[in-house]
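Okay everyone, thanks for coming. Let me put today's structure up on the screen.

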Amino acid sequence: MLFQVEMTVKLPPSMPAEQAAEIKATEKAYAQELQRSGKWRHLWRVAGSYANVSIFDVEDNAELQEIISNLPLFPYMEISVKPLCRHPSSIREDDS
Ligand SMILES: O=C(O)C[C@H]1C=CC(=O)O1
């Protein structure tokens, strides 16, 4: 199942820079592992924002929830999820 997920990061301004850097590094490793596994299919920065638009390819809603809730930045993000299905005019083989 494919999902579009939008994540907006809102770290508290009071968080020490060292702690923020550690969380971001852990997040990066987790995100890259999920990309290598194929579960996190696309990851795009929203220009001008500390936000991303991502496409996840997971078994079901429960797996998406598990992945997202384990993101190290999860407590500091606003997240929206939209389920996707194949567009009838798509020419891409891997859209479903
Ligand atoms: O930077 C972000 O958009 C937040 C998050 C998503 C992947 C990652 O490495 O950090």
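I'll start with the fold and then go to the ligand.

First, the fine print: this is a predicted model, where local features need pLDDT of at least 70, side-chain atom pairs count only at pLDDT 80 or more, and totals for chains, interfaces and linings use all residues. Residues are numbered from 1 along each chain as its sequence is written, and side-chain values use heavy atoms, with hydrogens and water left out.

So, what pattern does the protein chain follow along the sequence? It reads β-α-β-β-α-β, with two helices and four strands in total. Those are DSSP runs, numbered from the N terminus: H or I of at least four residues for helices, E of at least two for strands.

The C-alpha trace spans about 50 × 25 × 20 Å along its principal axes. There are 96 residues in the protein chain, and 29% of them count as buried, meaning under 20% relative accessible area with a 1.4 Å probe, protein chains only.

Now the ligand. Which residues sit around it? You'll find V9, E27, K28, A31, W40, R45, Y50, N52 and L73, each with a heavy atom within 4 Å of the ligand. On its own the ligand exposes 280 Å², and the protein buries 88% of that; these areas come from Shrake-Rupley with a 1.4 Å probe.

Two side chains to look at here: an N or O atom of R45 is 2.7 Å from a ligand oxygen, and for N52 the distance from such a side-chain atom to a ligand oxygen is 2.8 Å. For polar contacts, the cut-off is a pair of N or O atoms within 3.5 Å.

Notes. Buried means under 20% relative accessible area, exposed over 50%, partly exposed in between (1.4 Å probe, protein chains only). A polar contact is a pair of N or O atoms within 3.5 Å; within protein, one must be able to donate a hydrogen and the other to accept it, and residues adjacent in sequence count only if both atoms are side-chain atoms.
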